[in-house]
Amino acid sequence: MEILKIHNNPERAEWAALTERFTREEEEITRQVTEILADVKSGGDRSLREVTRRVEGRDPRTFEIPADVRAAAAALIPAALKEALAAAKANIETFHRAQLPPEVDIETMPGVRCVQRAVPIRRVGLYIPGGKAPLFSTVLMLAVPARVAGCGEVILCTPARPDGTIAPEILYAADLCGVDRIFSVGGAQAVAAMAYGTESIPRVDKIFGPGNRYVTKAKQLVGANDVAVDLPAGPSEVLVLADDEASPAFTAADLLSQAEHGGDSQAVLVCPSVEFARDTQRAVGEQLLQLRRGETIREALRQSRIVVLDSREKMIGFANAYAPEHLIISMRDAWDVAAQITAAGSVFIGPWSPESAGDYASGTNHTLPTGGWARAYSGVNTDSFLRKITYQELSRKGLAALSPTVIAMAEAEGLGAHAAAVRVRMKGGVL
């Protein structure tokens with residue numbers, strides 16, 4: 001099998017097909033998730049247990065992880081990992097604390113004061129993928145900005161391992177970041193529990209976190225009617241822009257690191273020559289032999305690709321058309337290229353900025369829009385955990401100055417009561 005098919009200078013008419021994501025069995029996933037959401041909404045804990053038995057093959061008596069189990073996890077974490085988590089948390093907190101918005105307090109005209117204040121969301125729910133690769137790093141990426149923003153309560157749902165336990169790394173990271181409550185439940189059923197509430201799991205005001213296509217579909221469905229969600233964050237993806245001066249070995253490593261997330265992940269290289277494409281192909285094949293998750297990576301590479309485009313402008317255009325979750329720019333004048341990028345979740349500049357740095361510890365957030373949604377969504381940041389409330393206070397002189405404008409506009413819209421609310425004040429209580 002050819003590893004990473006090369007598309008040599010495709011016409012723009014072909015770009016739409018080359019920017020498509022993996023959409024296998026979408027109708028069936030929607031049907032299954034809709035059923036799970038309805039079951040949990042109507043049946044609470046009872047239905048949550050039934051779904052867990054059916055999907056995970058286990059029969060939990062309780063869902064919440066008790067305090068003593070959480071505390072015991074610390075003893076199972078190597079000192080080196082504790083140090084790594086502390087360093088990553090510090091960088092993430094530094095970057096996200098710098099994002100806290102200042103209060104806006106301004107007179108738009110004499111006597112008319114307008115204020116905007118950021119208010120934290122009361123209760124947030126974090127979904128943390130588990131299973132074969134428990135993503136404890138995502139705990140940091142979500143819980144740290146939630147605490148920086150000042151959210152009142154932070155709960156966390158994550159799937160159990162086959163033996164019914166939660167990975168100690170997730171428990172330790174949650175305690176490190178101040179998560180209030182942890183529940184052992186995963187998949188679409190966890191999203192349902194947080195969206196609707198059950199006897200054990202409280203309903204939240206907003207759900208955060210990446211997941212597989214079932215989790216993503218569940219978030220899309222509950223987000224339409226029931227609860228706020230962060231963003232569409234499905235199967236992971238990367239697009240690498242590399243010129244002929246880039247390292248094929250570095251490029252191959254970046255493609256493989258994204259492909260190992262799951263069989264439905266996607267890795268794309270855009271480069272200017274077939275020679276560089278083939279060098280990268282060879283490097284991918286060589287490095288793949290050294291990796292443990294080879295079967296998963298090979299599945300992801302089947303829907304991944306290399307696109308050769310013969311001009312810098314076309315390469316940038318293709319990147320914007322794809323709107324990747326992660327964009328790596330390994331080209332001359334990389335910052336100039338970055339300035340022309342209009343759609344990407346997170347951008348990595350230059351040969352010494354692997355995507356894995358952002359996944360773990362540089363300080364930026366790794367919960368990012370996928371599937372082309374970077375055209376319209378930002379990645380998770382401190383602002384994601386805040387609401388903006390505006391206030392206004394007018395003095396009598398301020399209202400007098402503004403009243404002709406308000407009255408004229410209200411009457412033009414046929415809203416006489418709006419105009420009267422101003423006139424009655426200006427006339428001392430009579431119309």
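Here is a chat about a predicted model of a protein.

Student: Hi! How many helices and strands does the protein have?
Tutor: Hello! This is a predicted model, and its secondary structure comes to 16 helices and 14 strands.

Student: What does the C-alpha trace span along its principal axes?
Tutor: About 85 × 60 × 45 Å. The protein has 431 residues, and 49% of them count as buried.

Student: And what share of the contacts comes from residues 24 or more positions apart?
Tutor: Counting contacts with a separation of 6 or more, such residues account for 74%.

Student: Let's pick a strand. Why is β4 described as largely enclosed?
Tutor: Strand β4 covers residues 123-127, and 5 of the 5 are buried, so the rest of the structure largely encloses it.

Student: Which way do the residues of β4 point?
Tutor: R123, G125 and Y127 point one way, while V124 and L126 point the other way. Residues on both sides are buried.

Student: Which strands is β4 joined to?
Tutor: One is β5 (residues 153-158), which runs parallel to β4 and is joined to it by 5 bridges. Another is β7 (residues 206-208), also parallel, with 3 bridges.

Student: Which residues are the bridge partners of R123 and L126?
Tutor: R123 has E153 as its partner in β5, and L126 has F208 in β7.

Student: Switching to helices: how far does α10 reach?
Tutor: Helix α10 (residues 274-288) has 15 residues and reaches 21 Å from its first C-alpha to its last. That is close to the 21 Å expected at 1.5 Å a residue.

Student: Which residues of α10 are buried?
Tutor: They are V274, F276, A277, T280, Q281, A283, V284 and L288.

Student: What do those buried residues pack against?
Tutor: A mix of strands and helices: β1 (5-8), β9 (237-242), β10 (266-271) and β11 (305-308), along with α9 (248-259) and α11 (294-301).

Student: Now cavities. How many are there of 30 Å³ or more?
Tutor: The count is 1 cavity, and its volume is about 30 Å³.

Student: What lines the largest cavity?
Tutor: The lining is made of H326, S346, F348, E355, G358, D359, T364, N365, H366 and L368. By type, that divides into 2 nonpolar, 6 polar and 2 charged residues.

Student: Which elements supply at least two residues of that lining?
Tutor: Those are β13 (346-349) and α14 (355-360). The largest share, 3 residues, comes from α14.

Student: I was also looking at N320. Where does it lie, and is it buried or exposed?
Tutor: N320 lies in helix α12 (residues 312-322). Its relative accessible area is 16%, so N320 counts as buried, since the cut-off for that is under 20%.

Student: What is N320 in contact with?
Tutor: Leaving aside neighbours within four places in sequence, N320 touches Q340, I341, T342, A343 and R375.

Student: One more topic: which sign does phi have in most residues other than glycine?
Tutor: Most of them have a negative phi. Here, N9 has a positive value, near 50 degrees, and A323 has a positive one near 55 degrees.

Student: Where are N9 and A323 found?
Tutor: N9 is in the loop between β1 and α1 (15-18). A323 is in the loop between α12 and β12 (326-330).

Student: Are they buried, exposed or partly exposed — which is it for each?
Tutor: N9 counts as partly exposed, at 29% relative accessibility, whereas A323 is buried, at 0%.

Note on methods:
Residues are numbered from 1 along each chain as its sequence is written. This is a predicted model: local features need pLDDT of at least 70, side-chain atom pairs count only at pLDDT 80 or more; totals for chains, interfaces and linings use all residues. Side-chain values use heavy atoms; hydrogens and water are left out. Helices (H or I, at least four residues) and strands (E, at least two) are DSSP runs, numbered from the N terminus. The expected span of a helix is 1.5 Å times one less than its number of residues. Buried means under 20% relative accessible area, exposed over 50%, partly exposed in between (1.4 Å probe, protein chains only). Contact means heavy atoms within 4.5 Å. On a 1 Å grid over the protein atoms alone, a cavity is a set of points where a 1.4 Å probe fits but cannot get out, and a pocket is an open set with protein on both sides within 12 Å along at least five of seven lines; lining residues have an atom within 4 Å of a point. Grid points are joined across faces, edges and corners, and a volume is the space filled by probe spheres set on the points. Ala, Val, Leu, Ile, Met, Phe, Trp, Tyr, Cys and Pro count as nonpolar, Asp, Glu, Lys and Arg as charged, and the others, Gly among them, as polar. Two strands pair if DSSP finds at least two bridges between them.
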